[in-house]
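Grab a pencil and work through these exercises with the model open beside you. Each task comes with a worked solution.

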Amino acid sequence: MAVKVRIPTPLQKLAGDKSEVEAEGATVKDVMNNLETLYPGMQERLYSEEGELRRFINIYINEEDIRFLESDATPVKDGDVISIIPAIAGGVER
Amino acid sequence: MHYIMEAPPQVTRFDKSVLRKIGHTPLIKLESITRHLAKDVEIYAKAEWHNVGGSVKARPALRMIQEGIREGKLGRGKILLDSTSGNTGVAYAIIGRILGFKVQLVIPANVCKERKGIMASAYNAELILSDPLESSDGAIKLAQEIYRKNPDKFFMPDQYNNPYNWMAHRDTTAKEIWEQTGGRITHFVAGIGTSGTLMGTTRGLKSFNPNILSYAVEPAEALHGLEGLKHMETSIVPGIYDPSVFDEKISIPTEDGYNMVMRIEKEEGIIVGQSSGAALCGALQVAEKIEKGIIITVFPDSCAECNIAHGDFSI
C-alpha cells in the first residue's frame, strides 16, 4: 500500500527537507519501517529503545489517532495520509 | 515541602481586580528529591502556577499589555493578536476579559483541549489554529501573516520579540527571588521558550550579585515533548534571546523531563507541567556538582487539568 506521510518540521531535515513523503506498507509499523529505510534516523526519534512509540509522539491515519485504533498494527490502505504530530501539553486533539 | 517568605504585595494600576494576583508567588523548598545532595545544597522552586491564569506567563502578558496601553498601541477597538502554545494565551484572555479588549490567539492545533477550552470558553478569546506539524513556529508565522494583512486592526505584543517580556521578570521575578532568599541565591536555573524568564530574571539577579550563575534548560532533541520549551538550534530564535546573558546551557531529553514530573508528584506532592520537570532535571545536574549553594528554579505551570485528563501524559 502506498501512503503519504506528513513529517513534522523538526524531522524534515531527515526527509530531504520535505513536509510530505511517500512510503509503503500494510500496517503503520510497516510504513514506519519503510520510512526508516528511506530516511535513516527517523525511527530512533519516534520510538524508544524498547520499540515503543514515544509518549510525546502521536500518529494519525487521516484524522484518527492510532492509539484509538490498533496502534502500530493498524492496517493502512492506498491513499491514506499518515501524520506524525508531536504532543503539546499532553495534547490529543487536532 | 514548606513555604518560605512571601514576596511583599506590589500595587499595580489594575489593583481592583484579580490581576493583583500576578507575581509574589511562593518559593517552595524541595526536600525529598534533593536528599542525596551535599548538606549545604538546597533547591527551591518558584511556584508560578499561583499567578492568575495558572502560569508564569501572567507576568510578561500583563507588562506587555500595560506598556501597549501606555504607548497608545492598544487603544479603543483594537484586538490583541499573538501566537502562543497555551499559557500566554490564557493570560492574555483573562486580562483582555477584565480590561475589556478582544483577544485573538494563534495556537498550534495540537495544543490540548483543556487549554483551548480555558482560552475560548472560559475567557472568550478567539482561537485560530495553525498547522500542528509546525508546532509553535507555525503559530508564530501565521500570527505575523494575519497581522501584516491588517496592522491597524491589531495590537500584537509579539512575546518572542518584545523586550517588556523579559523586563517583567527583571522587575518582578528577580526581585522576589532576591528578597525571598534574603540575597542567598547562588545559582538560577530556568527553561527557555521565549527565553523571557531566563533573560529577565538573570539580568535582575546579576544586578544584585554578579556572581550568581545562570543556566538555560532546553530540550535535548529537535522533536521533543517539553511543552513551552524551545530547541533553539532548530527553531525560530526569539529576538529577545541573548546567549551571552547566561553562563551555561543544559540539554534535557523529553523522557527525563516527563519522569521528573512524576517524581515531583510522588515525592514532593506537587503536580507540575512538563517544563517544570525539565527545569528540575537541570537544577539537579547543577546541584550534584557543588558542595554549597542555594539553587532557584522556576516551575512555570501546574498543567493539572492536562495531567488529570491524560494521566501519564498519554491516553
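This is a predicted model, in which local features need pLDDT of at least 70 and side-chain atom pairs count only at pLDDT 80 or more, while totals for chains, interfaces and linings use all residues. Residues are numbered from 1 along each chain as its sequence is written, chains are lettered from A and ligands numbered from 1 in the order in which they are written, and side-chain values use heavy atoms, with hydrogens and water left out.

**Exercise 1. Work out how H2(B) and H3(B) are arranged, and which residues make the contact.**

Step 1: find the elements. Helices (H or I, at least four residues) and strands (E, at least two) are DSSP runs, numbered from the N terminus. That gives H2 at residues 87-99 and H3 at residues 113-122 of chain B.

Step 2: get the geometry. Axes are lines fitted to C-alpha atoms, for helices over the stretch in contact, and angles run from 0 to 180 degrees between N-to-C directions. Here the angle is about 15° and the axes are 9 Å apart.

Step 3: name the arrangement. Angles under 35 degrees count as roughly parallel, over 145 as roughly antiparallel, 65 to 115 as roughly perpendicular and the rest as oblique. H2(B) and H3(B) are therefore roughly parallel.

Step 4: list the contact (heavy atoms within 4.5 Å). H2(B) brings Asn87(B), Gly89(B), Val90(B), Ala93(B) and Arg97(B), and H3(B) answers with Arg115(B), Ile118(B), Met119(B) and Ala122(B).

Step 5: sort by class. Ala, Val, Leu, Ile, Met, Phe, Trp, Tyr, Cys and Pro count as nonpolar, Asp, Glu, Lys and Arg as charged, and the others, Gly among them, as polar. You end up with five nonpolar, two polar and two charged residues.

**Exercise 2. Describe how H1(B) meets H2(B), then how H1(B) meets H5(B).**

Step 1: take H2(B). The axes of H1(B) and H2(B) come within 9 Å and cross at roughly 45°, which makes the pair oblique.

Step 2: check the residues. From H1(B) come Ala58(B), Ala61(B), Leu62(B), Met64(B), Ile65(B) and Ile69(B); from H2(B), Ala91(B), Tyr92(B), Ile95(B) and Leu99(B). The class tally is 10 nonpolar, no polar and no charged.

Step 3: move on to H5(B). H1 (residues 58-70) and H5 (residues 163-180) of chain B have axes that come within 8 Å and cross at roughly 125°, so H1(B) is oblique to H5(B) as well.

Step 4: look at who meets whom. Among the H1(B) residues in this contact are Arg59(B), Arg63(B) and Glu67(B), while the H5(B) side includes Tyr164(B), His169(B) and Asp171(B). This contact divides into five nonpolar, four polar and six charged residues.

**Exercise 3. Lay out the four-stranded sheet of chain B.**

Step 1: write the order. The open sheet reads S6-S5-S4-S7, with parallel pairing; two strands pair if DSSP finds at least two bridges between them.

Step 2: spot the edges. S6 (126-130) and S7 (154-155) of chain B each have a single partner strand, so one side of each has no neighbour in the sheet.

Step 3: zoom in on one pair. S4 (residues 79-83) of chain B is joined to S7(B) by two bridges, and Leu80(B) stands opposite Phe155(B).

Step 4: add the helix. H4 (residues 135-149) of chain B lies across S4, S5, S6 and S7, at about 140° to S5(B).

**Exercise 4. Do the chain A sheet, and find a salt bridge linking S1 and S2.**

Step 1: five strands run in the order S2-S1-S5-S3-S4, as an open sheet with mixed pairing. S2 (20-24) and S4 (64-65) of chain A are the edge strands.

Step 2: S3 (residues 57-61) of chain A and S4(A) are antiparallel over two bridges, with Tyr60(A) partnered by Asp65(A).

Step 3: a salt bridge is a side-chain nitrogen of Lys or Arg within 4 Å of a carboxyl oxygen of Asp or Glu. Lys4(A) and Glu20(A) qualify, with their closest N and O atoms 3.9 Å apart. Lys4(A) sits in S1 and Glu20(A) in S2, 16 residues apart.
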